[in-house]
Amino acid sequence: MKWSFDLTRDIRTFTDFDDVDYQPHPLGHEQEITDCNLNNLIDHFSKIKDNAKSILEIGVGRNGSRSFVHVFTEYKKKETVYIGLDIQDRSFLRNKENNIHTIQNNSSNYSENVKHFNEIGVNEFDFIFIDGWHSINQVLDDWEYTNLLSDGGIVGFHDTTCHPGPSAFINALNRDKWEVIENCCPLDWGIGFAKKL
């Protein structure tokens, strides 16, 4: 597994906690996506958007104009391919003319999903955003998609404040391989970024 080469330690605990998605926010924060989250995603995506050929979002928005998918589809260039991967049907987002595609599948089905990407004509991504099931085990699985990350590509993580998978993962990333911003928004659910060195 790729994560074993990119982390400074094995973050698995081999307990039921590895499959837990939710932890209450220590400050009682309830808003799922904040202005801080949106502004930081816009800022980091803007760094590569002019040259980005493709984007992968794992876990697709449920919040309309206050969603991450809205940021990607509104800020990307028309020729940039967006692929949203979600266990739920998000086909209402599809717009072939604007290169917006969705795949309904579990992100753990890596090989199967890569075949779908290839059918769309994508074999690497310039921006990968991880916001699916937030267990430790699932984030480890979702990290496999960084096998497809372009040189200088960026990975974003939502919920890096206290959800077990994203917070443990981004804290353990190897700084010799990744330029890491652990959490831009510590007073809400959090958002972090890692750039491939």
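# Loops, strands and cores

Mentor: Let's start at Asn-99, which sits in the loop between β2 and β3 (100-104). Keep in mind that this is a predicted model.

Trainee: What is phi of Asn-99 near, and what makes the value worth a mention?

Mentor: Phi is near 60° there, which is a positive value in a residue other than glycine. Phe-14 likewise has a phi near 60°, again positive and again in a residue other than glycine.

Trainee: Where is the place of Phe-14?

Mentor: In the loop between α1 (3-6) and α2.

Trainee: And why does Phe-14 count as buried or exposed?

Mentor: Exposed means over 50% relative accessible area. Phe-14 has 63% relative accessibility, so it counts as exposed.

Trainee: Back to Asn-99. How far are its C-alpha atom and that of Ile-83 separated?

Mentor: By 8.4 Å, and the two residues are 16 places apart along the chain. Ile-83 itself lies in strand β2.

Trainee: Is Ile-83 buried or exposed, and how do you know?

Mentor: Buried means under 20% relative accessible area. Ile-83 comes out at 0%, so buried is the right word. Leaving aside residues up to four places away in sequence, Ile-83 touches Ile-55, Leu-56, Glu-57, His-101, Ile-103, Phe-117, Ile-120, Val-122 and Phe-125.

Trainee: What about His-44, buried or exposed?

Mentor: His-44 is found in helix α2. Its relative accessible area is 6%, and the cut-off for buried is under 20%, so His-44 is buried too. With residues up to four places away in sequence left out, its contacts are Phe-127, Ile-154, Ile-181, Cys-184 and Phe-193.

Trainee: On to helix α3 (residues 68-75). Which of its residues are buried?

Mentor: Phe-68, Val-69, Val-71 and Phe-72.

Trainee: How do you know which side of α3 they are on?

Mentor: They cover an arc of only 160° around the axis, so they are on the same side of α3. As a rule, an α-helix has 3.6 residues a turn, so residues three or four places apart point the same way.

Trainee: What do the buried residues of α3 pack against?

Mentor: Against one helix, α2 (35-46), and the strands β1 (54-58), β2 (81-86), β4 (125-130), β5 (149-158) and β7 (191-196).

Trainee: What makes Ser-67 a cap for the N-terminal end of α3?

Mentor: One of its side-chain oxygens lies 3.2 Å from the backbone nitrogen of His-70. A polar contact needs N or O atoms within 3.5 Å, so that distance fits.

Trainee: Why is β5 called largely enclosed?

Mentor: Because eight of its ten residues are buried. β5 also has a pairing with β4, in the parallel sense over five bridges. Across that pairing, Ile-128 stands opposite Val-155 in β5. Five bridges also join β5 to β7, and those two run antiparallel.

Trainee: What makes these count as paired strands?

Mentor: Pairing takes at least two bridges, so the five between β4 and β5 are enough. The five between β5 and β7 pass on that ground as well. In β7, the bridge partner of Phe-157 is Gly-192, while the partner of Val-155 is Ala-194. β7 is also joined to β6, by four antiparallel bridges, with Trp-178 opposite Lys-196 in β7.

Trainee: Which unit do β4, helix α5 (residues 136-142) and β5 make?

Mentor: A β-α-β unit, and a right-handed one.

Trainee: Why is α6 called mostly covered?

Mentor: Seven of its nine residues are buried. They are Pro-164, Gly-165, Pro-166, Ser-167, Phe-169, Ile-170 and Ala-172. The cover includes α1, α5, β5, β6 and β7. Phe-169, for one, touches Trp-3, Leu-7, Ile-11, Val-139, Leu-140, Trp-143 and Phe-157, not counting residues up to four places away in sequence.

Trainee: How many residues has the largest nonpolar core, and which have the most contacts inside it?

Mentor: It has 31 residues, and Leu-56, Phe-117, Trp-143, Phe-169 and Leu-173 have the most contacts inside it. β1, β2, α4 (110-120), β4, α5, β5, α6 (164-172) and β6 (178-181) each supply at least two of its residues. There is also a second, separate core of 21 residues, among them Leu-41, Phe-45, Ile-100 and Ile-191.

Notes:
Residues are numbered from 1 along each chain as its sequence is written. This is a predicted model: local features need pLDDT of at least 70, side-chain atom pairs count only at pLDDT 80 or more; totals for chains, interfaces and linings use all residues. Side-chain values use heavy atoms; hydrogens and water are left out. Buried means under 20% relative accessible area, exposed over 50%, partly exposed in between (1.4 Å probe, protein chains only). The arc is that of the directions from the helix axis to the C-beta atoms. Contact means heavy atoms within 4.5 Å. A polar contact is a pair of N or O atoms within 3.5 Å; within protein, one must be able to donate a hydrogen and the other to accept it, and residues adjacent in sequence count only if both atoms are side-chain atoms. A crossover is right-handed if, with the strands pointing away from the viewer, the path from the first strand over the helix to the second runs clockwise. A nonpolar core is a set of buried Ala, Val, Leu, Ile, Met, Phe, Trp, Tyr and Cys residues joined through side-chain atoms within 4.5 Å.
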